[in-house]
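Subject: Handing over a structure

Hi! Here is the structure I promised to pass on. Have a look at it, and then read my notes underneath.

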Amino acid sequence: FGRLNAAWPDSFSPLDRAEGAVCAARMTASPSSAALTVVDHPLVRHKLSIMRARHTPTAEFRRLLREIAVLLGYEATRDLSVTEYPLETPVAQTTGVRVAAPVFVPVLRAGLGLLDGMLDLLPEADVAHIGLYRDPETLKAVEYYFRAPADVAARRCIVVDPMLATGRSAVAALDRLKGRGAADLRFVCLLAAPEGLQRLRAAHPDVPIWTAAVDERLNEHSYIVPGLGDAGDRLFGTQ
Ligand code: URA
């Protein structure tokens, strides 16, 4: 994939948000911060454009999110650890490799839209669920559900949520996993706002992030602009 793989930016300017290449040139390196990867591939951009369009039907939106999840997941699992084992082909003995299955952590409910594509890639993975809603007064993320495998502290955890908007849910999900002892964490989203990236960076500088695009900004309702609207509503047909 053509992609941007850089240290965290200290800040984004409008130019940064337009093109991965521009963004790469403007990022300031910070050796202590984990990488941001924009999976800037023609197929991803093509599928994402259809998802952004106002009148794309629910079934197509859902299918495209699953397909992009495979492409993002492929990148985000590049450094999964593997173990070798002996195997026999019809022709000879050789050595196979087996990946260490991660735990996917969809943030309910829109995160479920990325989960199926991730599981297409890695059916052996386990799944932790975290349910968060935004308190309308404090705007804080409030947890209403959490269930994770008992050995989550020893596993690679890949948190998935399509929209990194304010970053509050992402931070809360990662806080929760760290509270259970998880230390090997990744975050995958479809769209990121600069505000969300900055909040996530400040709270969890150790967590690498993958996204299909970094958009311009948040609007006054905390929607990503240009974005695609409410990902959960578009995914489940509830708008
Ligand atoms: N959540 C969404 O679903 N869409 C946005 O634009 C921001 C947060």
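Below is what was found in it, starting with the whole protein and ending with the ligand.

First, some ground rules. This is a predicted model, so local features need pLDDT of at least 70 and side-chain atom pairs count only at pLDDT 80 or more, while totals for chains, interfaces and linings use all residues. Residues are numbered from 1 along each chain as its sequence is written.

**The whole protein**

The protein has 8 helices and 16 strands. These are DSSP runs, numbered from the N terminus: helices are H or I with at least four residues, strands are E with at least two. Of the 239 residues, 38% are buried. Buried means that 20 or more other C-beta atoms lie within 10 Å of the residue's own; 12 or fewer makes it exposed, anything in between partly exposed, and C-beta atoms are placed from the backbone. Among contacts between residues at least 6 apart in sequence, 62% join residues at least 24 apart. A contact means that two C-beta atoms, placed from the backbone, lie within 7 Å.

UniProt, in an unreviewed entry, lists residues 38-238 as "domain: Phosphoribosyltransferase". Its positions use the numbering here, feature names are shortened, and annotations may be inferred rather than shown by experiment. That span is 34% helix and 30% strand, and its end C-alpha atoms lie 29 Å apart.

**Strands and a helix**

Strand β2 (residues 36-39) points Leu36 and Val38 one way and Thr37 and Val39 the other, yet all are buried. It pairs in the parallel sense with β13 (residues 209-211) over 3 bridges, with Val38 opposite Thr211. Strands count as paired if DSSP finds at least two bridges between them.

Strand β7 (residues 129-134) has two partners to look at. With β5 (residues 103-108) it runs parallel, joined by 2 bridges, and Val107 of β5 stands opposite Ile130. With β8 (residues 141-147) it pairs in the antiparallel sense over 6 bridges, and there His129 stands opposite Arg147. The hairpin of β7 and β8 has 6 residues between the strands, and Leu139 takes a positive phi near 65 degrees.

Helix α4 (residues 58-76) has 19 residues, so it should span 27 Å (1.5 Å times one less than its number of residues). Its end C-alpha atoms are 26 Å apart, which agrees. Buried residues in α4 include Phe61, Leu64 and Ile68.

**Binding site and ligand**

The same kind of unreviewed UniProt listing gives a "binding site" that includes Asp161, Leu164, Ser169 and Asp230. Is Leu164 buried or exposed? Leu164 counts as buried because it has 26 C-beta neighbours inside 10 Å. It sits in strand β10 (residues 163-164), and among its contacts beyond four places in sequence are Cys189, Leu197 and Thr211. Ser169, in helix α6 (residues 168-179), is buried with 26 other C-beta atoms within 10 Å. Beyond four places in sequence, Ser169 touches Val107, Leu132, Ala141 and Asp161. By contrast, Gln93 in β4 (residues 93-99) counts as exposed, with 8 C-beta neighbours inside 10 Å.

The residues around the ligand include Met163, Ala165, Tyr223 and Asp230, where near means a C-beta atom, placed from the backbone, within 6 Å. This shell divides into 6 nonpolar, 3 polar and 1 charged. Here Ala, Val, Leu, Ile, Met, Phe, Trp, Tyr, Cys and Pro count as nonpolar, Asp, Glu, Lys and Arg as charged, and the others, Gly among them, as polar.

Cheers!
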